Amino acid sequence: MRRFEIHATPLAGLCRIDRRLLGDARGYLARIYCAEELAAAGWPGPIAQINHTFTAERGTVRGLHFQRAPHAEAKLVSCLAGEVWDVAVDLRAGSPTFGRWHAERLSAANGRALLIPAGFAHGFQALGREVAMLYLHSAPYAPQAEGGLHAEDPRLAIAWPLPVRGLSLRDRAQAVLDDDFQGLTP
């Protein structure tokens with residue numbers, strides 16, 4: 001029995017994963033990861049790192065972050081508490097959808113995840129208070145390879161559902177996408 005429904009998005013390689021919850025009056029069980037099923041959706045291999053974030057305030061935006069090759073990473077992003085507007089931006093060099101973004105509402109209630117391939121920037125906005133996110137990464141964090149874009153980049157024109165607030169110092173200092181940016185090679 002398959003535990004995930006895999007849905008393509010308008011950006012090639014970016015998938016929405018709907019988890020099938022097995023439940024009864026006591027609650028439910030949800031599978032977070034299955035190597036076999038997620039490989040079919042494009043997950044590149046083993047999990048190298050797992051991170052958990054907590055965001056206290058509604059409207060807070062974290063991101064848009066990416067890692068450059070040879071430390072490029074895929075991410076499987078899930079919301080364990082609360083709800084977020086989760087955004088992925090295609091930054092793959094030569095991609096026909098370069099610079100386009102796609103967003104999904106992820107929440108504890110809907111059991112959705114976003115499988116984000118290497119070559120994408122990622123960020124999210126907390127749609128409520130006390131949001132917990134779980135990230136599975138295909139590569140470990142490499143500070144020398146990190147990069148990012150400003151969440152309010154006018155060229156990206158991301159339709160954040162709430163006014164952007166709570167950007168970290170690092171995220172406020174991120175660059176905007178300009179003509180010199182050649183894209184990422186996964």
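This briefing covers the strands, cores, cysteines and two selected residues of the structure above. The model is predicted. An open sheet of five strands is one of its features. The largest nonpolar core holds 19 residues. The disulfide count is zero.

**The five-strand sheet**

- The strand order in this open sheet is β9-β8-β11-β6-β13, and the pairing is antiparallel.
- Strands β9 (101-107) and β13 (146-148) form the edges, each pairing on one side only.
- From one strand to the next, the twist averages 25°.
- At the β13 edge, β6 and β13 run antiparallel and are joined by three bridges.
- Within that pairing, Gln 67 has Glu 146 in β13 as its bridge partner.

**Strand β10 and its partners**

- Strand β10 covers residues 112-116, and four of its five residues are buried, so the rest of the structure largely encloses it.
- Strand β2 (residues 15-19) pairs with β10 in the antiparallel sense, over four bridges.
- In this region, Asp 18 stands opposite Arg 112 of β10.
- Strand β7 (residues 75-81) also pairs with β10, again antiparallel and over four bridges.
- Here Leu 76 stands opposite Leu 115 of β10.

**Nonpolar cores**

- In the largest nonpolar core, of 19 residues, the members that touch the most others are Leu 64, Val 87, Val 89, Leu 91 and Trp 160.
- Two elements, β6 (61-67) and β8, give two or more residues to this core.
- Another core of 15 residues lies apart from it.
- Val 77, Leu 106, Phe 120 and Met 133 are among the residues of that other core.

**Cysteines**

- No disulfides are counted, since a pair of cysteine sulfur atoms must lie within 2.5 Å to qualify.
- For Cys 34, the nearest cysteine sulfur belongs to Cys 15 and is 15 Å away, so Cys 34 is in no disulfide under the 2.5 Å limit.
- Cys 34 has a relative accessible area of 16%, so it is buried.
- For Cys 79, the nearest cysteine sulfur is also that of Cys 15, at 19 Å, and Cys 79 is in no disulfide.
- Cys 79 counts as buried because its relative accessibility is 5%.

**Asp 90, a buried acidic residue with polar contacts**

- Asp 90 sits in strand β8 (residues 83-90).
- Its relative accessible area is 0%, so Asp 90 is buried.
- The side chain of Asp 90 makes a polar contact with the side chain of Arg 92, at 2.9 Å.
- A polar contact also links the side chains of Asp 90 and Ser 95, at 2.6 Å.
- Leaving out residues up to four places away in sequence, Asp 90 touches Leu 11, Ser 95, Thr 97, Phe 98, Gly 99, Arg 100, Gly 119 and Phe 120.

**Leu 127, a buried loop residue**

- Leu 127 lies in the loop between β11 (120-126) and β12 (131-137).
- Leu 127 has 14% relative accessibility, so this loop residue counts as buried.
- Leu 127 and Glu 83 are 44 residues apart along the chain, yet 5.5 Å separates their C-alpha atoms.
- Glu 83 is also among the residues that Leu 127 touches.
- Other contacts of Leu 127 include Arg 58, Val 84, Trp 85, Arg 105, Pro 161 and Leu 162, with residues up to four places away in sequence not counted.

Conventions: Residues numbered from 1 in each chain as written. Predicted model: local features only at pLDDT ≥ 70, side-chain atom pairs only at ≥ 80, totals over all residues. Heavy atoms only, no water. Buried < 20%, exposed > 50% of the residue type's maximum accessible area, 1.4 Å probe, protein only. Pairing = 2+ DSSP bridges. Contact = heavy atoms within 4.5 Å. Polar contact = N/O pair within 3.5 Å; in protein donor to acceptor, adjacent residues only side chain to side chain. Core = buried A, V, L, I, M, F, W, Y, C linked by side-chain atoms within 4.5 Å. Axes fitted to C-alpha atoms, helices over the stretch in contact; angles between N-to-C directions.
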